[in-house]
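This report goes through one protein model, beginning with a side-chain contact and moving on to sheets, cores and covalent links. Please keep the sequence and the coordinates at hand while reading.

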Amino acid sequence: SFDRDTFNTGDKIFLNGEISRENKTDGYLDFNLYCDNSSSKITTLLVDTDNNRKQKFSQLVSVPKNLLGNCELELKLTDLSGDLLETTKIVGIKITDDLNAIFDANKIKFQLGETFLLNGQVTKQDGSLTSGLATIYYMKDDKVVFLDNTGFSNGVLEYKKDMSFIPPGK
């Protein structure tokens, strides 16, 4: 099992456990993530076990950027010639690009020449601060009339925009 059930792309997942087989086994243990419409091998370990001797493993892997959605982790054990010995699927997880954010704006309606100030804190699903690019959408009657981009770093978003582009009386 994992320490949480939702991960962002690029997050680290700590895989640890042990392998035990009745017979001596030399081969490979593949870790594959299967998500909605895509899949990816995230790591492969060399397996070398004697009769009933446990082989422990621990591996830190990154969540691939090409995977999103509800996922299952498949462990596939093959011998050195590639013949399948055993397969198992374990705990489902969710991988997302979604971030959490808390915003504070100085106001929501503006007059010509006023300044829009937006401050916020942006975190990943695990609560850790993140950096990136945010898109700010200006809407009127449920339609986008203008959009702008701003960067955020270490979870801090600070955005300032002179609202002189708004036509008078709007």
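## A polar contact at Thr9

A polar contact is here a pair of N or O atoms within 3.5 Å, where, within protein, one atom must be able to donate a hydrogen and the other to accept it. The model is a predicted one, and in it the side chain of Thr9 makes such a contact with the side chain of Asp97, at 3.0 Å.

Thr9 sits in the loop that runs between strand E1 (6-8) and strand E2 (12-19). Its relative accessibility is 14%, and Thr9 therefore counts as buried, the cut-off for that term being under 20%. Leaving out residues up to four places away in sequence, Thr9 touches Val63, Pro64, Lys65, Leu67 and Leu68, and also Ile95, Thr96 and Asp97.

## The mixed sheet

Strand E1, which precedes the loop of Thr9, belongs to an open sheet of 5 strands with the order E1-E7-E6-E3-E4 and mixed pairing. E1 and E4 are the edge strands of this sheet, each of them pairing on one side only, and the twist from one strand to the next averages 35°.

Within this arrangement, E1 and E7 pair in the parallel sense over 3 bridges, and Thr6 stands opposite Lys94 in E7.

## The disulfide

How many disulfides does a search of the whole structure find? The search finds 1 disulfide, which joins Cys35 to Cys71 with an S to S distance of 2.0 Å. The pair links distant parts of the chain, since Cys35 lies in strand E3 (residues 25-35) and Cys71 in strand E6 (residues 69-79), 36 residues apart.

The torsion about the S-S bond of Cys35 and Cys71 is about 110°, and the disulfide is therefore right-handed. Both Cys35 and Cys71 are buried.

## Two nonpolar cores

The largest nonpolar core has 22 residues, and those with the most contacts inside it are Phe31 and Leu33. At least two residues of this core come from each of E2, E3, strand E4 (38-49), strand E5 (55-62), E6 and strand E7 (84-96). Not counting residues up to four places away in sequence, Leu33 touches a set of residues that includes Cys71 of the disulfide, as well as Ile42, Pro64, Leu67, Leu73, Ile93 and Ile95. Two residues named here, Pro64 and Leu67, are also among those that Thr9 touches.

Apart from the largest core lies another, of 11 residues, among them Phe110, Leu118, Ala134 and Met163.

## The antiparallel sheet

An open sheet of 5 strands has antiparallel pairing and the order E8-E9-E12-E11-E10. Its edge strands are strand E8 (100-105) and strand E10 (132-140), each of which pairs on one side only, and neighbouring strands are turned against each other by 25° on average, with direction ignored. Strand E11 (residues 143-153) and strand E12 (residues 156-162) run antiparallel and are joined by 2 bridges, with Ser153 standing opposite Val156 in E12.

Strand E12 also holds Lys160. Is Lys160 buried or exposed? Its relative accessible area is 63%, so Lys160 is exposed, that term requiring a value over 50%. Leaving aside neighbours within four places in sequence, Lys160 is in contact with Thr115, Phe116 and Leu117, and its C-alpha atom is separated by 6.5 Å from that of Leu118, a residue 42 positions away along the chain. Leu118 itself is one of the residues of the 11-residue core.

Terms used
Residues numbered from 1 in each chain as written. Predicted model: local features only at pLDDT ≥ 70, side-chain atom pairs only at ≥ 80, totals over all residues. Heavy atoms only, no water. Disulfide = S-S within 2.5 Å. Helix = DSSP H or I, 4+ residues; strand = E, 2+ residues; numbered from the N terminus. Buried < 20%, exposed > 50% of the residue type's maximum accessible area, 1.4 Å probe, protein only. Pairing = 2+ DSSP bridges. Axes fitted to C-alpha atoms, helices over the stretch in contact; angles between N-to-C directions. Contact = heavy atoms within 4.5 Å. Core = buried A, V, L, I, M, F, W, Y, C linked by side-chain atoms within 4.5 Å.
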